[in-house]
Amino acid sequence: MSVRVQEATFDVAVEMAETTGGDTSIGGVAMFVGLVRDLDPHADAKKVSALTLEHYPGMTERQLEGIEAEALARWPLAATRIVHRHGRMEPGEPIVLVICCSAHREAAFDACAFLMDWLKTKAPFWKVEDTDDGPRWVEARASDDAAADRWTKPEC
């Protein structure tokens, strides 16, 4: 199973071993692990005590599978894995894991960056931060859209 949405945390080493599966044709693995921060640098550095992610089961997984399929169509990848959490998480806890495996590092790096940029802008998750001022919905950011837009250019 290369795409999962779950409430429980994940073990990066276990996920990596399962993704590579002993495939010795893999020469490069790029991985990204997103963590909950204790400050929101985009909201006047407000202290964050927890982050809650909401989603629509079924729809979310289909969207992530579509994003993964796009990466597999663009790069020569041997394997990929996306694990995205939902529910309440505290600072320091992992939120998302993306693993991209290829014979060469460049494809793995590019696909990993692509997947994170598109997950950030196209995955149907809604985020609420708990702050000292109360709960606050996290808004979409123009900088995230700009990062994702680089993958829509003809040379990408």
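**Pocket, salt bridges and surface of a predicted model**

Glutamine 63 sits in helix 2, which covers residues 59-74. The model discussed here is a predicted one. With a relative accessibility of 34%, glutamine 63 is classed as partly exposed, because that class takes in the values between buried, under 20%, and exposed, over 50%. Aspartate 145 is 82 residues away from glutamine 63 in sequence, and the two C-alpha atoms are 17 Å apart in space.

A good place to continue is the largest pocket. Its space amounts to about 800 Å³. A total of 28 residues line this pocket, and those nearest its centre are Lys120, Lys127, Val138, Arg141 and Asp144. Several elements each give two or more residues to the lining: strand 2, strand 3 (39-40), strand 4 (46-55), strand 7 (94-102), helix 3 (105-122), strand 8 (125-131) and helix 4 (142-149). Sorted by class, the lining of the largest pocket consists of 16 nonpolar, nine charged and three polar residues.

Strand 2, one of the elements in that lining, spans residues 28-35 and contains methionine 31. Methionine 31 has a relative accessibility of 33% and so counts as partly exposed. Together with Val29, Val33 and Leu35, Met31 makes a nonpolar surface patch of about 280 Å². Membership of such a patch calls for over 30% relative accessible area, and the 33% of methionine 31 fits that requirement. Valine 12, a residue of helix 1, lies 19 residues from methionine 31 along the chain, with 9.4 Å between their C-alpha atoms. Valine 12 is also partly exposed, since its relative accessible area is 29%.

The loop between strand 2 and strand 3 comes next. What is the accessibility class of valine 36, buried or partly exposed? Valine 36, which belongs to this loop, is buried, because its relative accessible area is 6% and the limit for that class is under 20%. The C-alpha atoms of valine 36 and leucine 51 are 7.0 Å apart in space, while 15 residues separate the pair in sequence. Arginine 37 is found in the loop between strand 2 and strand 3 as well, but with 49% relative accessibility it is counted as partly exposed. Arginine 37 can be paired with proline 94: they are 57 residues apart in sequence, and their C-alpha atoms are 9.7 Å apart in space.

Charged side chains bring the discussion to the salt bridges. How many salt bridges does the structure hold? There are 10 salt bridges in the structure. One of them joins the side chains of glutamate 15 and arginine 81, with an N to O distance of 2.6 Å. This pair links distant parts of the chain, for glutamate 15 is in helix 1 (residues 12-20) and arginine 81 is in strand 5 (residues 77-85), 66 residues apart. Glutamate 15 and arginine 81 are both buried.

A salt bridge with an N to O distance of 3.2 Å is formed by the side chains of arginine 85 and glutamate 93. Here the two partners fall into separate classes. Arginine 85 is buried, as its relative accessible area is 4%. Glutamate 93, at 25% relative accessibility, is partly exposed.

Aspartate 117 and arginine 150 also form a salt bridge, in which the closest N and O atoms are 2.9 Å apart. Because aspartate 117 is in helix 3 and arginine 150 is in the segment after helix 4, the pair ties together parts that lie 33 residues apart in sequence. Aspartate 117 has a relative accessible area of 14% and is therefore buried, whereas arginine 150, with 35%, is partly exposed. Salt bridges with shared partners also build one network out of Arg4, Glu15, Glu18 and Arg81. The pair of glutamate 15 and arginine 81 described above thus reappears as part of this network.

Definitions and conventions. Residues are numbered from 1 along each chain as its sequence is written. This is a predicted model: local features need pLDDT of at least 70, side-chain atom pairs count only at pLDDT 80 or more; totals for chains, interfaces and linings use all residues. Side-chain values use heavy atoms; hydrogens and water are left out. Patches are made of residues with over 30% relative accessible area and no salt bridge: like charges are joined within 9 Å, nonpolar side chains (Val, Leu, Ile, Met, Phe, Trp, Tyr) within 5 Å. Accessible areas come from the Shrake-Rupley method with a 1.4 Å probe; for residues, only the protein chains shown count as cover. A salt bridge is a side-chain nitrogen of Lys or Arg within 4 Å of a carboxyl oxygen of Asp or Glu. Helices (H or I, at least four residues) and strands (E, at least two) are DSSP runs, numbered from the N terminus. Buried means under 20% relative accessible area, exposed over 50%, partly exposed in between (1.4 Å probe, protein chains only). On a 1 Å grid over the protein atoms alone, a cavity is a set of points where a 1.4 Å probe fits but cannot get out, and a pocket is an open set with protein on both sides within 12 Å along at least five of seven lines; lining residues have an atom within 4 Å of a point. Grid points are joined across faces, edges and corners, and a volume is the space filled by probe spheres set on the points. Ala, Val, Leu, Ile, Met, Phe, Trp, Tyr, Cys and Pro count as nonpolar, Asp, Glu, Lys and Arg as charged, and the others, Gly among them, as polar.
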